[in-house]
Amino acid sequence: MANFPKGFLFGTATSSYQIEGAVNEDGRTPSIWDTFSKTSGMTYNGDTGDIACDHYHRYKEDVVILKEIGVKAYRFSIAWPRIFPEKGNFNPKGIDFYKRLVEELLKNDIIPVATIYHWDLPQWAGDLGGWLNRDLIYWYSEYSQKLFKEIGNVVPMWITHNEPWCASILSYGIGEHAPGHKDYREALIAAHHILLSHGEAVKIFRDMNIKESQIGITLNLTPAYPASERDVDRLAAQYADGFSNRWFLDPIFKGNYPEDMIELYKEEIGKFDFIKSEDLGIISQPIDFLGINFYSRSIVKYSEKSMLKWIGVEGPGAKTDMGWEIRPESLYDLLKRLDKEYTRIPIYITENGAAFKDIITEDGKVHDQERIEYIKEHLKYANKFIKEGGNLKGYFLWSFLDNFEWAFGYSKRFGIVYVDYKTQKRILKDSALWYKEVINRASIVF
Ligand SMILES: OC[C@H]1NNC[C@@H](O)[C@@H]1O
């Protein structure tokens with residue numbers, strides 16, 4: 001048995017483009033993900049977020065389910081294209097949806113946790129160059145300020161960005177996410193502008209002096225391990241750690257980019273002329289909490305072939321349906337490392353979960369025991385960290401609902417609630433019923 005402290009925030013998480021649908025409703029205009037998902041070959045089966053889980057219309061039913069599961073908090077994201085469908089043009093109908101959602105959550109004693117940006121950049125901003133254009137910082141500031149003004153006093157936790165690594169490296173460097181560019185210099189420029197926009201939003205938030213509300217950022221962090229004890233593989237792990245983690249943690253908590261990575265990148269990137277002298281001071285101003293999204297680890301070996309000097313090696317552990325190794329010990333390693341090397345501010349696991357091939361059995365249920373085991377093991381290591389004095393304050397299970405898994409479309413199910421996309425019927429999986437017990441007892445039983 002592992003008990004969690006009183007007040008530990010058990011929640012679930014989703015994002016706007018992955019669940020809302022209603023992409024042309026109440027003034028919303030396309031995002032870069034509407035464009036990307038409609039571009040041939042970019043998503044599995046050509047899947048799009050046009051309907052998704054139809055959450056825009058079913059949010060009341062969904063909040064009832066959240067209440068039934070007993071979550072203390074619910075992390076959602078706000079669709080920028082609903083709030084500013086055109087440049088500079090605020091859409092009251094867009095914010096009204098989120099006011100209704102927040103009201104429903106509060107009525108059911110569920111704490112709303114809002115992510116300002118979870119990748120659905122308005123296409124009008126994409127047309128300005130997206131995150132490659134430093135002017136986006138101005139438009140993101142206008143967007144954030146409006147959100148703080150409209151619902152800042154009813155949303156106690158604000159997350160500026162979800163996974164800057166994905167919104168920059170995966171999107172402008174690797175090309176798997178919108179806008180699908182494959183240019184590493186672009187990726188680092190986008191990363192810098194996203195981090196800078198984070199810092200500007202924190203400044204605005206502080207200046208508005210919003211009582212009883214906190215602000216942070218969510219980083220997806222992947223602990224990197226060498227494939228052997230050889231010095232070259234240890235160097236490879238250092239570079240993989242810089243690539244995935246330190247490129248974002250260092251500017252936020254240390255006010256600088258990691259020197260070893262600047263050295264590694266400079267041949268490919270050329271001048272870091274997109275970084276202005278005042279930028280790192282803005283990026284590194286204090287935040288109230290750090291959100292981390294943890295799914296798995298990476299194991300790497302040295303390779304001259306790659307600019308990054310490493311390539312991945314498959315881990316020995318069981319895999320999820322995403323092919324990600326199940327390694328809950330690495331969550332503990334990550335938490336201990338953050339505590340030792342970066343920060344002692346409150347940490348929230350803002351995403352952790354797994355995709356498995358869920359099926360509805362003859363009894364009409366979804367017996368997802370693998371997901372229960374995955375979550376139980378990760379909560380066990382989270383609890384170990386807390387018992388050792390770690391400042392972990394909450395856990396948001398990814399995800400509440402099966403949903404649009406980006407380039408994988410609807411082929412991957414992460415939800416603890418099954419969604420039949422043909423009928424939009426929701427079915428609580430065994431994991432939802434198990435999680436309900438965990439939350440109710442505030443403990444896990446091994
Ligand atoms: O891949 C699972 C999740 N990872 N973090 C960001 C979310 O949008 C993804 O669905």
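**Helix H8, the strand barrel and the annotated binding site**

Helix H8 is followed by Gly175, a residue with a positive phi, near 90°. The structure described here is a predicted model. H8 spans residues 164–174 and is mostly covered, with 10 of its 11 residues buried. The buried positions begin with the run Pro164, Trp165, Cys166, Ala167 and Ser168, and also include Ile169, Leu170, Ser171, Tyr172 and Gly173. These buried residues pack against three strands, namely S4 (111–117), S5 and S6 (214–220), and against two helices, H9 (184–208) and H10 (231–254). With respect to the strands, H8 lies across S4, S5 and S6, and runs at about 40° to S6.

The strands that H8 crosses, S4, S5 and S6, belong to a barrel. In total, 8 strands close into this barrel, in the order S2-S3-S4-S5-S6-S8-S11-S12, and their pairing is parallel. From one strand to the next, the twist averages 25°. In general, the strands of a sheet pair through backbone hydrogen bonds, in either a parallel or an antiparallel arrangement. One pair in the barrel order is formed by S11 (residues 347–352) and S12, which are joined in the parallel sense over 4 bridges. Within this pair, Ile347 stands opposite Leu392 of S12.

An unreviewed UniProt entry places the feature "binding site" at Gln18, His118, Asn162, Tyr295, Trp398, Glu405 and Trp406. The lining of the largest pocket includes Gln18, His118, Asn162, Tyr295, Trp398, Glu405 and Trp406 from this annotation. Two of the annotated residues, Asn162 and Trp406, are described further below.

Asn162 lies in strand S5, which covers residues 157–162. Its relative accessible area is 1%, and Asn162 is therefore classed as buried, the cut-off being under 20%. Beyond its neighbours within four places in sequence, Asn162 is in contact with Arg75, Thr115, Tyr117, His118, Trp119, Thr218, Asn293 and Glu351. Among these partners, His118 is itself listed in the UniProt feature.

Trp406, in contrast to a strand position, is found in the loop between strand S12 (392–398) and strand S13 (417–420). Trp406 also counts as buried, because its relative accessibility of 4% falls under the 20% limit. When residues up to four places away in sequence are not counted, Trp406 touches Ser15, Tyr17, Gln18, Trp33, Thr43, His118, Trp119 and His177. Gln18 and His118, both among these contacts, are also annotated as part of the binding site in the UniProt entry. His118 and Trp119 appear in the contact lists of both Asn162 and Trp406.

Conventions: Residues are numbered from 1 along each chain as its sequence is written. This is a predicted model: local features need pLDDT of at least 70, side-chain atom pairs count only at pLDDT 80 or more; totals for chains, interfaces and linings use all residues. Side-chain values use heavy atoms; hydrogens and water are left out. UniProt positions are given in the numbering used here, feature names are shortened, and annotations may be inferred rather than shown by experiment. On a 1 Å grid over the protein atoms alone, a cavity is a set of points where a 1.4 Å probe fits but cannot get out, and a pocket is an open set with protein on both sides within 12 Å along at least five of seven lines; lining residues have an atom within 4 Å of a point. Buried means under 20% relative accessible area, exposed over 50%, partly exposed in between (1.4 Å probe, protein chains only). Contact means heavy atoms within 4.5 Å. Two strands pair if DSSP finds at least two bridges between them. Axes are lines fitted to C-alpha atoms, for helices over the stretch in contact, and angles run from 0 to 180 degrees between N-to-C directions.
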